[in-house]
Amino acid sequence: MGYSLTWDLDIFFKGGSSSGEFLLFLDEIKEEVQELDQLVSIISPEENDESQFIKAFDLLKNTQMKSKQASAFIGCLEAQNAQDKKAGQLRIEQMKVVASLKMVMSKLDEKLILLDGAFLQSMLGKEPLNELEFVVNERRERAKDKLSVKEEALITQLSIDGFEGWSQMYNTIVGSMSIPYKGEMLSVGQAANKFSEPDQKARKELFAAWEQAWEEKSELFARTLNHLAGFRLSVNEKRGWEDILKEPLEIGRMKKATLESMWNVIADHKEPLVRFLQRKAELLDLDKLSWADLDAPLAVTAESKVMEYQEGADFIVQQFSKFGAELASFTRKAFEDSWIEAEDRPGKRPGGFCTGFPLHKQSRIFMTYSGTPSNVSTLAHELGHAFHSYALRDIHPLNCSYAMNVAETASTFAEMVVSDAAVKEAGSEEERLVQLEDKIQRSVALLMNIHARFLFETRFYDERKQGYVSAERLNELMLDAQKEAYGDALSDYHPTFWASKLHFYITGVPFYNFPYTFGYLFSLGIYANALKEPVGFEEKYIALLKDTGSMKVEDLAMKHLGVDLTTRDFWEEAVHTCMKDVEEFMRLTDPLVKKA
């Protein structure tokens, strides 16, 4: 019997969006938030009473876990069926609970600010709060940079029907869209999986329909994006935050010098990737690749091998086992216990994600599986996220909120293990070329596509400060960013990409782009260590993952890899590693080009 293509959510709450059990759970969280509010309200910083803070952080731990459990469940319901209106209603209720919890946490932060510094450090130097020293100090420092509790509470309250409401509107619009393809009407998620179609004419037709669908809704998406950015900019202005990167860098626990070093190195090393794109165009008998050709299979190879779900799962487990028994056994359990929603069917949301259910110490993975090499890599990527949560299962829950950039490290490491193995274990030169090309496409995506997103978002926010940015102007900004990031290697681009990419509309993480590139290159350093010293690697790897929720990324890298992320050296080496694949690809395809 093969692994299930659909996930099991009943283990959490039976009945899906109609679950009475879940409604009771939401009520339970509301009561705990009220209890926490009462507890925080009576805290008197002048009394220097440790017991008050111990109780508050203990209750906060429990309430946050339950809140994350509720959010994860609703997220799964919304993703598996974009037309589930009841799930949308639950999301509105859950957002109100989250807003209430944020307001209570703002009150707690205010009490931390008013605490005598010496008393605070003394309290954090002993049990039971000593393990929370990093996160408590971080909360205190960030709170000092914000507005008063009343003002922050008002912002949170208004965000429910403003900031968060616009994000939900984006999801609603996308869920209602369909793309015509070969006589069928596909969901956005299904259509996205078809860009690896071997037939160039069909690919072009699909992309034209794809671009038209986003263009038709572009005014709605432009209004949504403008309001999201406008809200964020207004809040930043009130807080006195001039740099739009301040918040994403704080969320990433990352220095601006690190980000700048990374992008500068990438910008200086685009030439090999441009050559790769030119070579792929030659192999497809094209003058230049178009955007629709980026995921096209190579014409010089046999038809790309499709892995059935069971086969793909077994391959992932097999490769993971070479790096650690715990990683392999965990992954096998995820498949056996139906943690993954992979079925290819209408009505699902596009994209993929991994979400955690902390009360059960489990994760759930969402994607639409079609069996292409990149699809198998995506599955491995999301399993890497799940293993990251597993590694933190015994860590204090308040130390499990790791930065987005290191969140993308475990996932890209897992993805790399699988894609590298697919290249090395290819049964023929043709298959090797297919797998190598897929692996390089990851570098193209993370060093070019993500760079375009970063450039676009930076420039968009600069213009949004001056006023509303029209759909036409958003297209221009995206086109300019893509041309720069891709070294003008393509014949045409995807100007409405700003509308089609969910990440621009996620409220919790502004600039949800550079964390992927950071995670990719950082994981290359981890992977290099795994290859050099395979004995005992898994234990060291898990130790690194355990620290991700309670360290700045520069300190994490220095402790576990002995590298300084603020300088170019680490990034130069990481990017050079990517380019070795390009060199191999060029060597393998030289005879094919000469023959043609």
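# Close-up views of a predicted model

**View A. Asp488 and Phe511 in their loops.** At 40% relative accessibility, Asp488 is classed as partly exposed. Buried means under 20% relative accessible area, exposed over 50%, and partly exposed in between (1.4 Å probe, protein chains only). This is a predicted model: local features need pLDDT of at least 70, side-chain atom pairs count only at pLDDT 80 or more, and totals for chains, interfaces and linings use all residues. Residues are numbered from 1 along each chain as its sequence is written, and side-chain values use heavy atoms, with hydrogens and water left out. Asp488 sits in the loop between helix H19 (471–485) and helix H20 (497–500). Helices here are DSSP runs (H or I, at least four residues), numbered from the N terminus. The phi of Asp488 is near 50°, positive although the residue is not glycine. Phe511 occupies the loop between H20 and H21. Its phi is near 55°, again a positive value in a residue other than glycine. Phe511 counts as buried because its relative accessibility is 1%. Most residues other than glycine have a negative phi, and most peptide bonds are trans.

**View B. The peptide bond from Glu127 to Pro128.** This bond is cis, with omega near 0°. Pro128 belongs to the loop between helix H4 (117–124) and helix H5 (133–144).

**View C. Two residues of helix H2, Gln64 and Lys68.** Helix H2 covers residues 50–80 and holds Gln64. Lys68 is in H2 as well. Gln64 is buried because its relative accessible area is 16%. Lys68 is partly exposed, at 36%. Contact means heavy atoms within 4.5 Å. Beyond neighbours within four places in sequence, Gln64 is in contact with Leu101, Met105 and Leu398. With residues up to four places away again left out, Lys68 touches Gly356, Pro358 and Ser401. The C-alpha atom of Lys68 is 36 Å from that of Leu477, and the two residues are 409 apart along the chain. In general, an α-helix has 3.6 residues a turn, so residues three or four places apart point the same way.

**View D. Cys76 and Cys354, with no disulfide.** A disulfide is a pair of cysteine sulfur atoms within 2.5 Å. The search of the whole structure finds zero of them. From the sulfur of Cys76, the closest cysteine sulfur is in Cys354, 9.1 Å away, which is too far for a bond. The view from Cys354 agrees: it is in no disulfide, and its nearest cysteine sulfur is that of Cys76, at 9.1 Å. Cys76 is buried, with a relative accessible area of 0%. Cys354 is partly exposed, at 22%.

**View E. Helix H12, residues 256–268.** The helix has 13 residues, and at 1.5 Å a residue it should span 18 Å. The expected span is 1.5 Å times one less than the number of residues. Its end C-alpha atoms are 18 Å apart, so the model agrees. Buried residues in H12 are Thr258, Leu259, Ser261, Met262, Trp263, Val265 and Ile266.

**View F. The second largest pocket.** A pocket is an open set of points on a 1 Å grid over the protein atoms alone, where a 1.4 Å probe fits, with protein on both sides within 12 Å along at least five of seven lines; lining residues have an atom within 4 Å of a point. The space in this one is about 530 Å³. It is lined by 24 residues, and Leu524, Gly525, Tyr527, Ala528 and Thr577 are the closest to its centre. Helices H17 (404–424), H18 (429–464), H21 (514–532) and H24 (568–595) each give two or more residues to the lining. By class, the lining has eleven nonpolar, five polar and eight charged residues. Ala, Val, Leu, Ile, Met, Phe, Trp, Tyr, Cys and Pro count as nonpolar, Asp, Glu, Lys and Arg as charged, and the others, Gly among them, as polar.

**View G. Gly427 and Ala208, each paired with a residue further along the chain.** Gly427 lies in the loop between H17 and H18. It is exposed, with a relative accessible area of 70%. The C-alpha atoms of Gly427 and Leu490 are separated by 32 Å, with the two positions 63 residues apart along the chain. Ala208 is in helix H9 (residues 200–216). It counts as partly exposed, at 44% relative accessibility. The C-alpha atoms of Ala208 and Ala292 are separated by 8.8 Å, although the residues are 84 apart along the chain.

Terms used
Grid points are joined across faces, edges and corners, and a volume is the space filled by probe spheres set on the points.
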